[in-house]
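Here is a walk through a two-chain model, going from one sheet out to the way the chains meet. Have the structure open and follow along.

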There are 2 protein chains.
Amino acid sequence: MLINGQPSHLISALDRGLQYGDGLFETLAVINGKPALLDRHLERLVAGCQALGMVQPDINQLREESRAEAAQTSRAVLKIILTRGEGGRGYNPASTMTPTRIIHTTPWPDYPDDHARVGVAVRLCDTRLGWNARLAGLKHLNRLEQVLARAEWSDPGINEGVVLDGADNVIEGTMSNLFLVKSGQLITPLLDQCGVKGIMRQVVIETARDLAIKAEEQQVRVDDLKAADGLFLTNSLIGIWPVRVFDGVEYPVNLIDQTLLRTVISKGFATV
Amino acid sequence: MLINGQPSHLISALDRGLQYGDGLFETLAVINGKPALLDRHLERLVAGCQALGMVQPDINQLREESRAEAAQTSRAVLKIILTRGEGGRGYNPASTMTPTRIIHTTPWPDYPDDHARVGVAVRLCDTRLGWNARLAGLKHLNRLEQVLARAEWSDPGINEGVVLDGADNVIEGTMSNLFLVKSGQLITPLLDQCGVKGIMRQVVIETARDLAIKAEEQQVRVDDLKAADGLFLTNSLIGIWPVRVFDGVEYPVNLIDQTLLRTVISKGFATV
């Protein structure tokens with residue numbers, strides 16, 4: 001683990017990342033010792049800094065440190081945490097704080113290899129996501145809603161949970177974004193009030209449009225999920241997982257356009 | 001600073017308090033070397049652990065460590081942070097994690113002494129609080145909304161900002177709870193969907209009721225604030241601050257029932 005460029009695994013307990021969750025993070029797949037989609041993740045990190053009014057980080061430094069950490073592994077998860085920095089009295093952030101950067105790898109999760117082929121089982125969570133237009137889309141460090149939603153089940157046969165907002169709109173999975181397949185087109189929930197705009201979500205939208213497959217962000221309800229021809233989940237680690245069953249409804253898992261899937265994989269985005 | 005009972009100021013960067021804001025905190029006034037209202041704060045911490053499904057901490061240990069830290073100062077702020085602990089893969093919390101406890105004092109804030117007498121100036125924030133019934137009321141470590149709201153102004157003549165939810169309900173200040181005085185009665189916003197149920201808020205409600213002053217939790221709108229006879233703010237550090245001006249509307253600052261004020265002060269709750 002590198003903390004501010006130095007090998008360490010300790011940070012100050014006065015860091016605002018701990019005190020307030022005042023920061024951002026990125027989770028990347030390391031494939032053959034290289035962080036996948038690194039530049040896209042760093043771009044999102046910079047955009048997040050702007051949204052939170054944090055001092056802009058040195059992107060070249062983050063890139064070099066990320067590559068150095070990833071190079072020590074073959075297949076792993078690379079996490080980049082960037083906090084607003086240490087200190088400052090109360091909630092008011094000093095405008096000149098130096099961000100704390102934490103870069104570390106963890107072992108590749110033990111997801112069964114056949115999830116991408118045979119699909120996964122998904123439940124509906126009770127925990128709701130709160131609306132905050134200023135935080136919507138960002139991968140920030142305030143993740144208690146995801147922790148509570150994920151803690152709702154312990155059955156290892158359930159692979160993910162779908163989370164709604166307070167107005168019963170479908171938003172995302174606890175750790176993934178969600179797509180509906182309907183009449184050969186893709187629909188994914190609007191994330192203007194809550195949710196995380198995943199890198200893999202964006203890659204899928206762009207790739208679909210390149211292939212002239214319509215891909216729209218829309219308001220989505222649970223009934224829409226149940227009436228969909230198919231569902232799939234995306235994130236930077238899982239790539240694309242088709243949903244085999246959601247809340248008692250079964251779906252075919254071979255509905256994802258194979259060219260789309262191959263294109264996403266071939267770009268090195270997916271890890272299946 | 002004590003971390004898990006040992007003098008230190010460093011924590012593991014893998015602690016879930018940093019990774020996800022997965023934890024709780026308490027902020028107490030230290031008066032004459034003693035943490036004010038310690039048992040109430042520890043009770044809230046235990047209730048928060050239950051709400052988040054965290055392992056219950058050893059309350060006696062927290063009490064002893066808090067007293068030991070406070071005893072090294074005269075007038076200070078004591079902060080107790082309790083995270084779910086270190087490690088665990090992804091959002092899913094292991095049910096057996098040992099909470100991390102961080103206990104430290106910081107210098108007493110440089111609030112002018114006359115705030116409690118002449119009142120403070122308060123603005124209306126743009127940042128909105130998201131609804132989450134499971135997190136509402138808790139003093140948890142996901143505080144980005146407060147950071148963003150507090151970052152909206154830098155004018156030192158403004159002492160606090162009022163924050164609304166997404167449905168235009170008045171909820172609280174960025175670092176305080178809010179009371180309206182209306183026809184000799186007290187009204188404070190309902191905090192069932194968002195907001196922090198402050199210890200001083202509860203003390204004021206209980207003290208008012210002991211004095212046969214009606215004190216109700218209600219839905220409050222900005223127009224209600226503007227039509228109130230008076231407003232005041234509470235938290236464990238400021239005690240009670242009357243509001244002199246809110247968003248252009250001026251209020252008398254001597255409307256708080258003096259017996260209420262004296263009772264709160266005499267109990268050692270307020271530090272004015």
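## Helices over the sheet in chain B

Let's start with helix α2 of chain B, residues 38–52, which lies across β4, β5 and β6 of chain B and runs at about 180° to β4(B). Keep in mind that this is a predicted model. Helix α3 of chain B (59–70) also lies across strands: β1 (2–3), β4, β5, β6 and β7 (100–107) of chain B. Its angle to β7(B) is about 25°.

Now for the sheet underneath this description. It is an open one in chain B, built from six strands in the order β2-β1-β7-β6-β4-β5, with antiparallel pairing. The edges belong to β2 (6–7) and β5 (34–35) of chain B; each has a single partner strand, so one side of each is left without a neighbour in the sheet.

For a look at one pairing, take β4 (residues 23–31) and β6 (residues 76–83) of chain B: they pair in the antiparallel sense over eight bridges. To find the register, go to B:Phe25, whose bridge partner in β6(B) is B:Ile81.

## Two domains in chain A

Over in chain A, the chain is divided into domain 1 (2–107) and domain 2 (115–266). Taken over C-alpha atoms, the centres of these two domains of chain A are 25 Å apart. How many residues of each domain of chain A are in contact with the other? On the domain 1 side there are 17 residues, and they touch nine residues of domain 2. On that domain 1 side, β4 (23–31) and α2 (38–52) of chain A each supply at least two residues. β4(A) gives the most, with seven residues.

## Where the chains meet

The contact between the chains takes 43 residues from chain B and 43 residues from chain A. On the chain B side, the elements that give two or more residues are β3 (10–12), α1 (16–20), β8 (120–129) and α5 (144–150) of chain B. Of these, α5(B) gives the most, with six residues.

Here is how two contact sides split by residue class:

| Side | Nonpolar | Polar | Charged |
|---|---|---|---|
| Chain B, touching chain A | 21 residues | 15 residues | seven residues |
| Domain 1 of chain A, touching domain 2 of chain A | eight residues | six residues | three residues |

There is strand pairing across the chains too. Strand β3 (residues 10–12) of chain A is joined to β3(B) by three bridges, and the two run antiparallel. In that pairing A:Ile11 stands opposite B:Ile11.

So how do the two chains relate? Chain B can be laid on chain A with an RMSD of 0.0 Å by a turn of 180° and a shift of 0.0 Å along the axis. That is the relation of a two-fold axis. The same surface serves both copies, as 100% of the contact residues of chain B recur in chain A.

## One residue to finish

Last stop: B:Arg117, in helix α4 (residues 115–118) of chain B. Is B:Arg117 buried or exposed? With 12 other C-beta atoms within 10 Å, B:Arg117 is exposed, because a residue counts as exposed at 12 or fewer. From B:Arg117 to B:Arg16 is 101 residues in sequence and 42 Å in space, C-alpha to C-alpha.

Conventions:
Residues are numbered from 1 along each chain as its sequence is written. Chains are lettered from A and ligands numbered from 1 in the order in which they are written. This is a predicted model: local features need pLDDT of at least 70, side-chain atom pairs count only at pLDDT 80 or more; totals for chains, interfaces and linings use all residues. Two strands pair if DSSP finds at least two bridges between them. Helices (H or I, at least four residues) and strands (E, at least two) are DSSP runs, numbered from the N terminus. Two residues are in contact if their C-beta atoms, placed from the backbone, lie within 7 Å. Axes are lines fitted to C-alpha atoms, for helices over the stretch in contact, and angles run from 0 to 180 degrees between N-to-C directions. Ala, Val, Leu, Ile, Met, Phe, Trp, Tyr, Cys and Pro count as nonpolar, Asp, Glu, Lys and Arg as charged, and the others, Gly among them, as polar. Domain bounds come from an automatic or database domain assignment. Copies are superposed by least squares on the C-alpha atoms of residues with pLDDT of at least 70 in both. A residue is buried if 20 or more other C-beta atoms lie within 10 Å of its own, exposed if 12 or fewer, and partly exposed in between; C-beta atoms are placed from the backbone.
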